[in-house]
Amino acid sequence: MPTRRRAFLILASLALLAVLSIGLALTVGSLRIPPADVFSALLGREVPGIDVVLELRLPRALAGFACGGLLALAGALMQVLLRNPLADPYVLGISGGAGCGALFAILLGLPALGIDGLAFAGALGAMFLVFGLAHGDGSWTQTRLLLTGVIVAAGCGALVALMLAIAPEDRLRGMLYWLMGDLAQASGWLPGLLALVVGLALAMPFARELNLLARGMLQAQALGVAVNRLRYAIFLLASLATAASVTTAGSIGFVGLVVPHLVRLATGNDQRLLLPASVLAGGALLVLADTLARTLIAPQQLPVGVLTALIGVPVFLILLARQPK
């Protein structure tokens, strides 16, 4: 277990990293704005580029931090729930359900609010479908939940492919960008940030029970943990966090897989530290990745999901190779 001093230093360092990543996102881009002007703009003073900072870059950076934090929180919870350090928050088909809803809305020509609404509805629909099928006769195991999620995700993937095949060309680009994850289309940062704060606040009271659950279901039950109630709560919380993220920015992979695992290697498996540390690290990583995505070939912008995949795939393979046989 980490000491309070060590835990404070880790969280303070990650919080500083998050602040610096947002500061970098406000500074660099097609139009480079000096840090002094960025600071003045945040204070409300009239400086060159104030509209770029306050209306474009700041909302995008905050939305990126919220989405990265939500994915990392969901990943940390899923890895405890499935007792698999390489579990991913998209493994239960939540992202696929959101993709079906969002692409259907784009296909119908609905505005951004309609796309967000149908994406969230699709995510919730996939979540309840997975839960209902995995619950079966009243009990479920990690294996049953995982296999059900894979099947539902495959079905959603087929529906997505069908909609892409029949989509008119003028809407196809927007659909593809949504599927790849794109913060440029994030309609607002406040809902995602509120979801992150609420999700972390709801998860932290379960930290001690999650520590016991990570040791094994039977041991947790012997120590007084209501395992079934805890698993349902964690499944619901991780699913809603994933749904909130994909509704905001589309499908962004590997953040929820890699970040909690790397944080666990650095800090240990105490959920009281792991959960907030994963949120800060995930948020900072996605903000940095998005900053790179919009500056790498500026003025053109890459979907941030492409960069997280390019970063996540080799890291995942390295982590997989280090797993014990």
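This report describes the fold, the nonpolar core, the salt bridges and one surface patch of a predicted model.

**Overall fold**

The protein has 14 helices and zero strands. Its pattern along the sequence is accordingly written with α alone: α-α-α-α-α-α-α-α-α-α-α-α-α-α. The radius of gyration is 20 Å, close to the 20 Å that the globule rule gives for 325 residues, so the protein is as compact as a globular protein of that length. Along the principal axes, the C-alpha atoms fill a box of roughly 65 × 55 × 35 Å.

Of the 325 residues, 50% are buried. The protein exposes about 15,100 Å², and carbon and sulfur atoms supply 70% of this area. When contacts between residues at least 6 apart in sequence are considered, 75% of them join residues at least 24 apart.

**The nonpolar core**

In soluble globular proteins, nonpolar side chains tend to be buried together. The largest nonpolar core in this model has 93 residues. The members that touch the most other members are Leu77, Leu145, Trp178, Leu210, Ile252 and Leu275. Helix H3, which covers residues 50-81, gives the most to this core, with 18 residues.

Trp178 can be followed further. Leaving aside residues up to four places away in sequence, Trp178 touches Ala98, Gly99, Ala102, Leu103, Ile106, Ile115 and Ala119. The list of its contacts also includes Val246, Gly250 and Ser251.

**Salt bridges**

Side chains of opposite charge can pair when their charged atoms come close. A search of the whole structure finds three salt bridges. The table gives the N to O distance for each pair.

| Basic residue | Acidic residue | N to O distance |
|---|---|---|
| Arg60 | Asp290 | 2.8 Å |
| Arg229 | Glu209 | 3.4 Å |
| Arg272 | Asp270 | 2.8 Å |

The side chains of Arg60 and Asp290 meet in a salt bridge. This pair links distant parts of the chain, with Asp290 in helix H13 and Arg60 in helix H3, 230 residues apart. Both Asp290 and Arg60 are buried.

Arg229 and Glu209 form another salt bridge. This pair also links distant parts of the chain: Arg229 lies in helix H11 (residues 227-249) and Glu209 in helix H9 (residues 207-214), 20 residues apart. Arg229 has a relative accessible area of 44%, so Arg229 is classed as partly exposed. Glu209 is buried, because its relative accessible area of 17% falls under the 20% limit.

The remaining pair is Arg272 with Asp270. Arg272 is partly exposed, with a relative accessible area of 46%. Asp270 is buried, with a relative accessible area of 6%.

**A nonpolar surface patch**

Leu17, Leu24 and Leu288 make a nonpolar surface patch of about 230 Å². Leu288 is found in helix H13, which covers residues 271-295. Is Leu288 buried or partly exposed? Its relative accessible area is 34%, so Leu288 is partly exposed. Residues count towards such a patch when they have over 30% relative accessible area and no salt bridge. Helix H13 therefore holds both Leu288, a member of the surface patch, and Asp290, which is buried and paired with Arg60.

Terms used. Residues are numbered from 1 along each chain as its sequence is written. This is a predicted model: local features need pLDDT of at least 70, side-chain atom pairs count only at pLDDT 80 or more; totals for chains, interfaces and linings use all residues. Side-chain values use heavy atoms; hydrogens and water are left out. Patches are made of residues with over 30% relative accessible area and no salt bridge: like charges are joined within 9 Å, nonpolar side chains (Val, Leu, Ile, Met, Phe, Trp, Tyr) within 5 Å. Accessible areas come from the Shrake-Rupley method with a 1.4 Å probe; for residues, only the protein chains shown count as cover. A salt bridge is a side-chain nitrogen of Lys or Arg within 4 Å of a carboxyl oxygen of Asp or Glu. Helices (H or I, at least four residues) and strands (E, at least two) are DSSP runs, numbered from the N terminus. Buried means under 20% relative accessible area, exposed over 50%, partly exposed in between (1.4 Å probe, protein chains only). A nonpolar core is a set of buried Ala, Val, Leu, Ile, Met, Phe, Trp, Tyr and Cys residues joined through side-chain atoms within 4.5 Å. Contact means heavy atoms within 4.5 Å. The radius of gyration is taken over C-alpha atoms; the globule rule is 2.2 Å times the number of residues to the power 0.38.
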